[in-house]
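Okay, thanks for making the time, everyone. Let me put the structure up and walk you through one helix crossing and what surrounds it.

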Amino acid sequence: MSDLERGFEDLPGGGGPPEGWQDKVLARIETPATHARWPLVLAGSTLVAAAAAFALFFALRPAEKAPVPRRPAAAERAEAMFERLEGAVHGLVETKERAYGQLLQARTEAERALAEKALEDAKKQLEQVQGQLMKLRVRVPRVDGKIAVKCDPNDPLCAIE
Amino acid sequence: MHSSVARLPPHPEDEAREALARGDHREALTVLMQAYGRDLHRHCYQVLRDRDLADDIHQTVFVQAYRDLPGFAGRSSLRTWLYGIARHRLMDAMKIGTRWRRRFVRAEPLPDAVDGGPRADDALVDSGDVRALVAALAALSLDSRIAVLLRFAEGMTFEEIGTVCGEKPATVQARVARALPRLRAALSGGER
């Protein structure tokens, strides 16, 4: 046997485990989690309290006002105006053609004068509406096919003539 | 006719495994405590050289073993498995001790590089050689100290030590081989 092996044999071993150590171990395994449970309970209750406070905060917070839909309202108004003027143009074109037809079919001087006046009125109205339509086309810029309005949406004249 | 061959008592490993197979973890723990309790306590004490701390860790190892027994996969022996748990607890204790000493006893050297002087328990050791060996062991790193003690005090193979330490047998063998010259030098008076 070498000196080293003899040395290890003679190493102090601490005198063995204390009396009743096995009972202590068995007692520890039979009373589990008394100290391990409270941090868990503490963490759980803290989590629940935090969740409740969070929910309460959002429940009691005053509802934010819905943002004013500035651009869509103005754009819709401009779009509606545009459609109304286009409809008027179509109507006046028909009126003008009807008046022209009456003029061609007039047999008396009175009928001819009446048809001429109707034709003149239709032409004037058509020019007026077409003028409005042209201005509207110029005033309403479009971005990606949508009407982009940058004026105050509360202004009744916003984006329309 | 009665057999003339005396029946051998069952090996504690087999007895504990049978208890485990029955689901009787308490019985398995009792067998393990009776079979390995004393050796494991000696190991804890020789690593730490602190009787109270060794007592505490020794009991903690078995409490943890009881909790982990249902998950014991059987890839190693229950003995090496217990020593593996002990190694973790010993390393924890040394880390805590190191932090404590750094904070409160700055003048004292760290436990992994202790002064080598005799402690209260070592005062019982008369032999100068053993005292030198204790001091040389204390001067080793914790990993090396555990590996050397498992090899020479507990008589484990390098395979078993590798399992305990979670490393390859060759690694722990090299670690022990590096430590041996220092221990031999201590015994031959080279470090005295």
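So, straight to the crossing: α2(A) and α3(B) cross in a right-handed way, meaning the near helix is turned clockwise from the far one by less than a right angle. Before I go on, this is a predicted model, where local features need pLDDT of at least 70, side-chain atom pairs count only at pLDDT 80 or more, and totals for chains, interfaces and linings use all residues. Residues are numbered from 1 along each chain as its sequence is written, with chains lettered from A and ligands numbered from 1 in the order in which they are written.

Helices here are DSSP runs of H or I, at least four residues, and strands are runs of E, at least two, numbered from the N terminus.

Back to our pair. The axes, lines fitted to C-alpha atoms over the stretch in contact, with angles from 0 to 180 degrees between N-to-C directions, come within 9 Å and cross at roughly 45°. That makes α2(A) and α3(B) oblique, therefore, since under 35 degrees is roughly parallel, over 145 roughly antiparallel, 65 to 115 roughly perpendicular, and the rest oblique.

Who touches whom? From α2(A) it's Trp21(A), Lys24(A), Val25(A), Arg28(A) and Ile29(A), and from α3(B), Gln59(B), Phe62(B), Val63(B) and Tyr66(B). Contact means C-beta atoms, placed from the backbone, within 7 Å.

Zooming out, 19 residues of chain A contact 29 of chain B, and α2(A) gives the largest share of chain A's side, six residues. Chain A itself has five helices and two strands, running α-α-α-α-α-β-β from the N terminus.

Key:
Contact = placed C-beta atoms within 7 Å.
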